[in-house]
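Here are my comments on the model you asked me to look over. They are set out as numbered points.

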Amino acid sequence: MPVRPLPALLTSALALTLTVLPLAGTASARPASSCSAQAIEAAATDGPDVEALCAALKGLPDKDATAALIRVGGKGSWHGVAGVRDLRTGAPALANARFRAGSTTKIVTAAIVLQLAAEGRISLDGTVQQYLPGLLTEDYAPITVRQLLNFTSGLQPGASLGDSTEEMYPHRFETLPPAEVVAASVAKGPDPEYAPGERQDYGNIHYTVLGMLIEKVTGDAYAHQAAVRIFRPLGMRHTSFPAGPDPRVHGPHNRGYDRIDGKLVDVTDWNMSDRWAAGDMISTTADLERLLVGVFSGHVVPEPQLKEMFAVPDAVDATMGAPFSPFELNGRTVWAKTGSRPGYHTVVAATRDLSRTVVYSVNSTDARGDGEAIARRFAFPAFNR
């Protein structure tokens with residue numbers, strides 16, 4: 001079959017109506033050998049809880065997810081995969097699948113900014129007004145780079161194509177440039193209640209501005225800076241950003257599905273360019289493990305800049321650093337970052353000493369819903385012991 005040019009593909013895709021895809025009767029994936037009775041019996045007592053991890057994968061696809069990939073490292077490693085690649089064919093899920101990594105993109109953006117700080121090309125106490133003159137109006141007090149990193153800038157959410165998957169779906173092939181996202185935020189004015197640095201309000205707008213800052217300071221495209229500074233040095237050969245508005249996931253991947261108006265719909269093809277430096281990355285569990293280990297071990301961002309990634313600010317509602325959040329699991333502090341796009345939910349998490357790491361990609365049927373419930377099922381068992 002000849003490959004059609006992108007404009008023709010988009011025209012055809014726009015003409016499609018919702019496709020309802022029932023879970024009932026779909027063939028299940030072949031059980032992963034990592035969940036065989038022998039593998040569970042042979043699991044080291046000081047390694048991950050393989051029995052619990054296998055229980056999490058059991059029965060996929062189900063009402064909550066169509067596929068899941070889990071990768072555990074540190075003291076004892078384990079990889080598991082279950083579910084289906086495509087509900088239409090019932091083909092088994094791919095362990096090396098590429099997926100939309102959502103807001104785990106923010107780890108890359110933060111790392112580039114902190115590298116630039118380590119190189120003396122920016123100061124974390126420098127301001128948006130200094131590095132991006134004219135971006136903000138005179139209504140704004142100085143906003144520092146550090147405040148963008150830790151989500152305390154006071155910038156309000158920018159333009160979007162909807163607040164829910166249902167609202168966004170009809171616009172999935174439209175392009176909303178990051179500059180328009182930021183312009184809409186600026187037009188709303190600063191936070192009316194809190195000055196910059198006083199309140200943490202997690203959102204994409206902070207990292208969209210950081211993407212603009214990276215491009216201004218380096219004179220280079222954000223995606224290229226991510227490739228030469230992060231992906232290539234760490235051997236992340238299967239991680240990239242889509243070419244502009246390209247809605248496809250290129251290479252091997254598991255289809256993503258989400259419930260829209262009570263029906264299960266294929267949401268794999270989607271133009272995510274408005275998420276850009278805040279959430280447009282495509283990756284694999286193996287590559288995200290490389291990123292996690294590289295960052296935590298200090299090979300990506302040197303001290304003292306690295307500490308910023310784990311520094312929860314003294315601010316109202318603050319629960320996370322730049323951009324990792326701490327969680328207490330079985331007496332251990334685990335630092336994690338989630339990412340969610342329609343059809344795909346991602347987590348990267350580790351102890352600071354890398355004694356235990358976990359990365360997963362779950363094809364959740366409500367990926368932008370209750371992320372904690374997904375994590376409790378697929379990630380928490382990795383830290384049971």
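The points below take up confidence, the disulfide, a hairpin, the cores, the salt bridges and two single residues.

1. **Confidence.** This is a predicted model. Mean pLDDT for the chain is 91. Of the residues, 91% reach 70 or more. The weak stretch is residues 1–32, where pLDDT stays under 50. The model still gives that stretch 50 contacts beyond four places in sequence. Please keep the low pLDDT of residues 1–32 in view when reading those contacts.

2. **Disulfide.** How many disulfides does a search of the whole structure find? It finds one. The partners are C35 and C54, with their sulfur atoms 2.1 Å apart. The angle about the S-S bond is -95 degrees, which makes the link left-handed. C35 sits in the loop between α1 (6–15) and α2 (37–42), while C54 belongs to helix α3 (residues 50–57). The two cysteines are 19 residues apart, and the pair links distant parts of the chain.

3. **Exposure of the two cysteines.** Are C35 and C54 buried or partly exposed? The cut-off for buried is under 20% relative accessible area. C54 has 9% relative accessibility, so C54 counts as buried. C35 has a relative accessible area of 23%, so C35 is partly exposed.

4. **Hairpin of β7 and β8.** Strand β7 (residues 325–329) and strand β8 (residues 332–341) run antiparallel. Five bridges join them. L329 has R332 of β8 as its bridge partner. Two residues lie between the strands. In this hairpin, N330 has a positive phi, near 50 degrees.

5. **Largest nonpolar core.** This core has 67 residues. Which of them touch the most other members? They are L149, I230, M309 and F324. Helix α4 (residues 105–118) gives the most to the core, with nine residues. For M309, contacts beyond four places in sequence include I107, A110, A111 and L114. V295 and V301 are also among them. So are G321, A322, P323 and F324.

6. **Second core.** A separate core has 26 residues. Among its members are W78, V362, I374 and A375.

7. **Salt bridges: R199 and D317.** The structure holds 16 salt bridges. In one of them the side chains of R199 and D317 meet at 3.3 Å, N to O. R199 lies in the loop between α8 (178–188) and α9 (204–218), and D317 in the loop between α12 (285–296) and β7, so this pair ties together parts 118 residues apart in sequence. The relative accessible area of R199 is 24%, so R199 is partly exposed. A network of salt bridges links D191, R199, D201 and D317.

8. **Salt bridges: R255.** Which side chains meet that of R255 in a salt bridge? D266 does so at 3.0 Å, N to O. R255 is in the loop between α10 (222–234) and β4 (257–260), and D266 is in strand β5 (residues 263–266), eleven residues apart. D269 also meets R255, at 3.9 Å, N to O. D269 lies in the loop between β5 and α11 (276–279), so its pairing with R255 ties together parts 14 residues apart in sequence. The salt-bridge cut-off is 4 Å, so the 3.9 Å pair falls within it. Both acids are partly exposed: D266 has a relative accessible area of 23%, and D269 has 29% relative accessibility.

9. **T144.** T144 is found in the loop between α5 (128–131) and α6 (145–149). Its relative accessibility is 15%, so T144 counts as buried. Leaving aside neighbours within four places in sequence, T144 is in contact with L124, D125, G126 and T127.

10. **M281.** M281 is placed in the loop between α11 and β6 (282–283). Why does M281 count as buried? Its relative accessibility is 1%, and the cut-off for buried is under 20%. Leaving aside neighbours within four places, M281 has contacts that include F99, R100, A101, G102, T104, T105 and V108. F231, T239, S240, F241 and L288 are also in contact with M281. P177 is 104 residues from M281 in sequence, and the two are 16 Å apart in space, C-alpha to C-alpha.

Key
Residues are numbered from 1 along each chain as its sequence is written. This is a predicted model: local features need pLDDT of at least 70, side-chain atom pairs count only at pLDDT 80 or more; totals for chains, interfaces and linings use all residues. Side-chain values use heavy atoms; hydrogens and water are left out. pLDDT is the predictor's confidence in each residue, from 0 to 100. Contact means heavy atoms within 4.5 Å. A disulfide is a pair of cysteine sulfur atoms within 2.5 Å. Helices (H or I, at least four residues) and strands (E, at least two) are DSSP runs, numbered from the N terminus. Buried means under 20% relative accessible area, exposed over 50%, partly exposed in between (1.4 Å probe, protein chains only). Two strands pair if DSSP finds at least two bridges between them. A nonpolar core is a set of buried Ala, Val, Leu, Ile, Met, Phe, Trp, Tyr and Cys residues joined through side-chain atoms within 4.5 Å.
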